[in-house]
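Let's take a look at how a protein and a DNA strand meet. Here is the sequence with its model.

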Number of protein chains: 2
Amino acid sequence: MDNKGCHIKIKAVHDAMDVLNGKWKISIISSICYYSIRRFSDILQDVGGISNKMLSKELKELEMNRLITRTVLDTQPVTVQYQLTEYGRTLQTIINNLSDWGIEHRKVIIGDR
Amino acid sequence: MDNKGCHIKIKAVHDAMDVLNGKWKISIISSICYYSIRRFSDILQDVGGISNKMLSKELKELEMNRLITRTVLDTQPVTVQYQLTEYGRTLQTIINNLSDWGIEHRKVIIGDR
DNA sequence: CGGCATCCTTCTGGATACTG
DNA sequence: CAGTATCCAGAAGGATGCCG
């Protein structure tokens, strides 16, 4: 690949990571992605270790970037559902790749010991 | 997908992100990935905004995770080259996907304005 | 050139309590 | 249930200088 092509691609990766930054964002997306529709407290469970404050903040950012939608159901008490937008679903390939890689990576780590 | 399958995949994504955490790690990998072989100061340029302290630290972590190798050439002054290991190259698919997504994402952002 | 050491500021994010 | 508010410790990370 020529020099210019490299830089364009590196920049593109950087652009992608701008949206997906943060310790938890990709895990959150994968939770919503795999369940298709997911509630706040469920995501809190799925993504082990995250605090409600952080989850709230990161969900808000994902919503602002139009990767997910937030739906409030008029129940008592309130229920809130999160789903990927059509745009958010364009991330599915990446999520699947990461998941596959994570599974292999775990084998490597265990094999190391 | 059943409940258990979801959790395994979400966990796997989390495992992958454990290695790829940090604001810069994926950009650094993509720089080395696209150039095949790359020097410290070059990566510093490729990844806009990173400080040498951070780059040094993150490279060390990537090396510890056996994703890259560090080679010191006996020149004056010293030259150091970084390359992906065979294992690191298993990330190429993900990098390419992120790059493609980043290019599309940029179009979306620009289209928004 | 490729770092490491130091200082210092900003940001991250946990714990806890509270609200509609 | 799904957050918000506050407090606060610790980590992240920039700037600068030094070194082989």
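This report goes through the DNA contacts and then turns to one helix.

## Around DNA strand C

This is a predicted model. In it, 17 residues surround DNA strand C, and the closest are Lys53(A), Ser41(B), Ser56(B), Arg70(B) and Tyr82(B). Of the atoms of DNA strand C that come within 4 Å of the protein, 67% belong to sugar and phosphate. The residues of this surface divide into seven nonpolar, four polar and six charged.

## Polar contacts

Two of the closest residues reach the backbone of the strand. The side chain of Ser56(B) places an N or O atom 2.4 Å from a phosphate oxygen of DNA strand C, and a polar side-chain atom of Tyr82(B) lies 2.5 Å from a phosphate oxygen. The elements that give two or more residues to this surface are helix 4 of chain A together with helix 3, helix 4 and strand 3 of chain B.

Asn52(B) reaches a base instead: an N or O atom in its side chain is 3.3 Å from a base nitrogen of DNA strand C.

## Helix 4 of chain B

Which element gives the most to the surface near DNA strand C? Helix 4 of chain B does, with four residues. Its 13 residues should span 18 Å at 1.5 Å a residue, and the end C-alpha atoms are indeed 18 Å apart.

Leu55(B), Glu58(B), Leu59(B) and Leu62(B) are buried in this helix. Seen down the axis, the buried residues fall within an arc of 105 degrees, so they line one face. They pack against helix 2, helix 3, strand 2 and strand 3 of chain B. On the other side, Lys53(B), Lys60(B) and Met64(B) are exposed. Just after the helix, Arg66(B) takes a positive phi of about 60 degrees.

How values were computed:
Residues numbered from 1 in each chain as written. Chains lettered and ligands numbered in written order. Predicted model: local features only at pLDDT ≥ 70, side-chain atom pairs only at ≥ 80, totals over all residues. Heavy atoms only, no water. Near = heavy atom within 4 Å. Polar contact = N/O pair within 3.5 Å; in protein donor to acceptor, adjacent residues only side chain to side chain. Nonpolar A, V, L, I, M, F, W, Y, C, P; charged D, E, K, R; others polar. Expected span 1.5 Å × (residues − 1). Buried < 20%, exposed > 50% of the residue type's maximum accessible area, 1.4 Å probe, protein only. Arc of directions from axis to C-beta. Contact = heavy atoms within 4.5 Å.
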